[in-house]
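Me: Hey, got a minute to walk me through this one? I'm new to it.

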Amino acid sequence: MRRPTLLGALGVMVLLGAGCGIPAQSEVRVDGKGSAATEAGVISRGSEPPTRTAAGSDNVAFVRNFLSAASGEPDRAYERVKAFIAPEDKSRLQDKKGSEVALNVVRLGEAIYTLNSDSTTTVKIAVQQIGMLRANGTLAPPVATETEYDFGLRSASFNGGVNDERAGLYVIDPPNVLLLSDTALRQYYQDETIYFWSSDRSRLVPDQRYRPQAVPVERRVNEVVKWLVGGPSDWLRPGVVGLPDRTELINNATGGNGRWEVNLDMSGDDQNGIDQLITQLAWSLGDLPGQLELKIRNNAQPVVDLGERRDSWALYPHAASPQRFGVYDGAIHPLDFEGEPSGTVPLAPEVNRNVVSATLGLAKDRRILAAMVVTGSKNRYQLAVGTGTEQVSVLSRSGGTGYASISRPVWLRTVDSRPSRGLVVADGQLYRFDEAARMYPVPLNLPSAAVTAVAAALDGQRVALIAGGRLYVAAVNLDGGGVSIGPPRELVTSLTNPTAVDWGREDQLVVAGSVGQPAIYEISVDGALETPLRTDLGAKVNHLTAYPTNRSVRTPSGAYMYEANGVAYRSSPSERIDPSRVRGIAPVPAGVRPSNPSAPFFLY
Amino acid sequence: MSGRVAGVVGRAHQTWRRSLQVRVVTITLVASSLLVGGFAFLIADKITTILLDSARSDVRQRVTTGANYAAKQVSFYGQAQEAQLQETIDGTVNYLAGGDPQQTSGVVVAITADDYPNDIQTRTSPSANVQSLISPELRAAIADGKVASQIRTGRLTGETTKYLIYGSPVPTRFGQIELYYLVPLGRQDVTAADARATVVATGVALVILLGLLAALVTRLVVNPVRVAARTAQRLSAGLLDQRMVVNGEDDLALLGASFNQMATNLQRQILRLEEMSRLQRRFTSDVSHELRTPLTTVRMAADLIFAERDEFDPAVARSAELLQAELDRFEELLTDLLEISRFDAGFAMLDSEPTDLVPVVHRVVDRLAGLAERVGVPIELDLPGTPVIAEVDPRRVERVLRNLVGNAVEHGEARPVLITLGIDETAVAITVRDHGVGLKVGEEKLVFNRFWRADPSRARQTGGTGLGLSISLEDARLHGGWLEAWGAPGQGAQFRLTLPARAGDRLTTSPLRLVPADAALPFGGPRDGGTLAIGPGTGGALAIGPTPAGDGQRTEVHS
């Protein structure tokens, strides 16, 4: 009885043990073809700097190429530059890795080539240190102080004898830094504007970056997201907020064909914050069309069309098309030009008196903000401020006995209905003022506190300053009802003795100064890129206003007006603003010398 | 050892043969084990297949998604040498592995680049050496652009585990890299083992249950059958009042009831027959006794007449002689009847004593010498020279011999009668051979019947009673011996009496042959080198027999 039972159980066990269970090893099972291959082929790359041998034995071209060699992806910058350096001297250039790679951007001055007896050439190049181009695309203030770099050139042909055209040249005794000329920066980098939220999260503030053109455009989204994750430029930090701490991009931002995927590891699940991030991304991606799928820790957010998002969330909601005004005989008058809109003076006639210079701004609900410098008693000036919806009829005047000089005031524009504030320079001191024309000094962390000009960007979070003959930009923090200016960043320019400044674009300043003779330059917000606008001015510019073009309002760019030697001019076409442009003035009797319109400005 | 094994096997075989219950239970167990085992195998196999398939489809989906993701991630790079490619691969692997290298799901994600071993390093997350687990065949399949999988056992992060390795090619702009998912099958393995254990336990329990059930049912059936068998044994042993216990109304109860009824009927019949038989024997005995008294009187009168017969006229004297002879026979018949009725009544007693049979044979031959001489039959003896001692009742043995020899002489037809005495360790035997008309086929049993005659019409010369052989048979049986006859037409007959040498012993063999050495073969074949004749028989059949004597005619058959 027991034996068969045992046998039966044993049989079952053996059968089961031998027959089933997951095998320890199986045959390879093929499930079919993998996903379709990515189209092979060349990535669409932008221009890359020429190689060492491209210049042949032409010293000048070779040096130009050498000073361009660092451009491109920072990972291989040292590799590219070392290709130019003679093998025996390569060790002189010490490698840095990762985020420490920084390029010394220099504005080239005069170069002296001296042929030596050993058939090498010594090169002396005068430079102006513009800044450090970091791996994250920002141009930081310069660290190096050299004003001249020396290095040698030798032929790459083996015995150093006859210069072989094809062998090219080598750099010997190279400088121990990566140098990049300003022309190379212009040529091999694409400047990009990305945006960060202002510290009160009410508006987007532009920040300037440089993307190597060697980076394929497919990676643009990836680069932009990395920049955003990396945070704003140092000088901008007081006025803006970056992404939440410890935010990381998970792998690469991918996509193509109008659909982009960004996966972020970001703390906080505030839907409003995520929505703002999407807006930030949409504007930071420039005019990139397509759909954006943002994932926060793999949680997909609703897909957003980038163009629609930009259309629905304007960068500068209250910036209408500009109208030109000027001061004529102590009163503000519209200036009429064909093909341009012009309006009436939004000031009651009784307050439109004794005006020296003025700024009119449009705030929310088309409220008029007026800030004017008016003549007071004893040849002193006062600030007069007034607001109103259609017309400003009451002005508040600054207290005290007035100032010996007051620059043109500027409004710090806001998008909400908070009381507006402005900045003005009076007697070399920067003041903020409110709608009641109360003025409070604003401390500045500058070696020379003698401020001569101030200009506010359209976003109201950045200002440009001229202090002690130097040009600065700084971030503005409007938190808590006050106005504080962050540490100013000096811009290294070719211009000397800047006299007037205004914002010509989101990331460009229009600066009047001197390059031997008075000139007007357009200078990027980091000082690296300069474009001369006028170099043929006969007199010093003491008043300069520009309409800052931006991506929300598409108007002809480069509209600026200035006053030099008591005569007002306008740009595009560049011409003098003569009295015939001034509307609403009585005809000048014959024989009487007409006065000139002065202190022109834009209402926007 | 082999002896013990043989003993065990023998016992098992015996048990198997003897016990219906063991057979039924064994068959049930074996059959149900096979059945349950088969089902268990199927179920366990199915469960394993389902588990594996589900794991496969799961991993397949992950690997497809992962490969798409990885393809997107590396699509920026046009060359395997690009600096950030390795970083991207690291990030991709970490991302696909769930981002957190500390997590312990055990899944290992790996990206390899077999085509670019110098530019791209293999990356896994969590860090493990997967190269040994990914077989060359799998690599070859992936390198061929296929999505493929394989199960392998190995050790990556913890203990040795079975891994489902799924690989997929990841297309890039510069060629192909490979994405592998190594998913431990520990959970599936445990689940499969659990399922298997459950199925086995259930199967074993089922088999045991079936065995017990079979044992129970068989017991229910077998027990009454055993009781019936025992009862039948007792009944056959004469305990006619044995009955089965009948419980309930089922088939077994019906069997018991029928059995009991049969037993009752048999008992009644047997009792009736016994009673009848007893009455019959009583009657015979009574009649014999009752006849004896008048016969004694008649005998005395007849003896008187017979003594005075010389004084009568010859015809009356002849009648007196006839009367005397028939009275002898009548007395003899009466004696035999009484003897038979004693046997029937079971009163016959054996009076065994060690006896030398040789004098007994001589005595019988002497007593029948007169008759033999009269009918001209010579009696030949073949006796051993030594005494033949056996524990027998000499009176009965002598009666048997007298009867046999008398019959032989009577049917001897003037041919010699041979009496042979044989002995071995256990038995003694006496054969009596005559060469008379012999016995027809079947008559060797009939000769022992009471009042049987081979030829009813034949006149009885010696006035035998017809009971002699019956009494002899009873005598032989009383000794525990045998009395057998052989005969063939025309060849005479031989009777053999075999008795145990010691009273009460069982006989197994006889020292002498029943069929005499000179007897013809059953079909009358040739003897002692004689020829066989084949010729036409009756009814068109072929007759095969011995060649007729003195014919001398021979036919040579040549092939």
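**Strands across two chains**

Reply: Sure, let's begin inside chain B: strand E3 (residues 146–154) and strand E4 (residues 161–171) run antiparallel, joined by 7 bridges. Strands here are DSSP runs of E, at least two residues, and helices are runs of H or I, at least four, numbered from the N terminus. Two strands pair if DSSP finds at least two bridges between them. This is a predicted model, where local features need pLDDT of at least 70, side-chain atom pairs count only at pLDDT 80 or more, and totals for chains, interfaces and linings use all residues. Residues are numbered from 1 along each chain as its sequence is written, while chains are lettered from A and ligands numbered from 1 in the order in which they are written.

Me: What joins E3(B) to E4(B) along the chain?

Reply: A hairpin, through 6 residues.

Me: And which residue in E4(B) is the bridge partner of Ser149(B)?

Reply: Tyr166(B). Ser149(B) is also the bridge partner of Arg29(A).

Me: Oh, chain A? Which strand of chain A is that joined to E3 of chain B?

Reply: E1 (residues 29–33), antiparallel to E3(B) with 3 bridges. Val30(A) has Ala148(B) as its bridge partner there.

Me: How many residues does the contact take from each chain?

Reply: 42 from chain A and 58 from chain B; contact means C-beta atoms, placed from the backbone, within 7 Å. On the chain A side, helix H1 (2–19) and E1 each supply at least two residues, and H1(A) gives the largest share, 10 residues.

Me: New topic: how many helices and strands does chain A have?

Reply: 7 helices and 40 strands.

Notes:
Contact = placed C-beta atoms within 7 Å.
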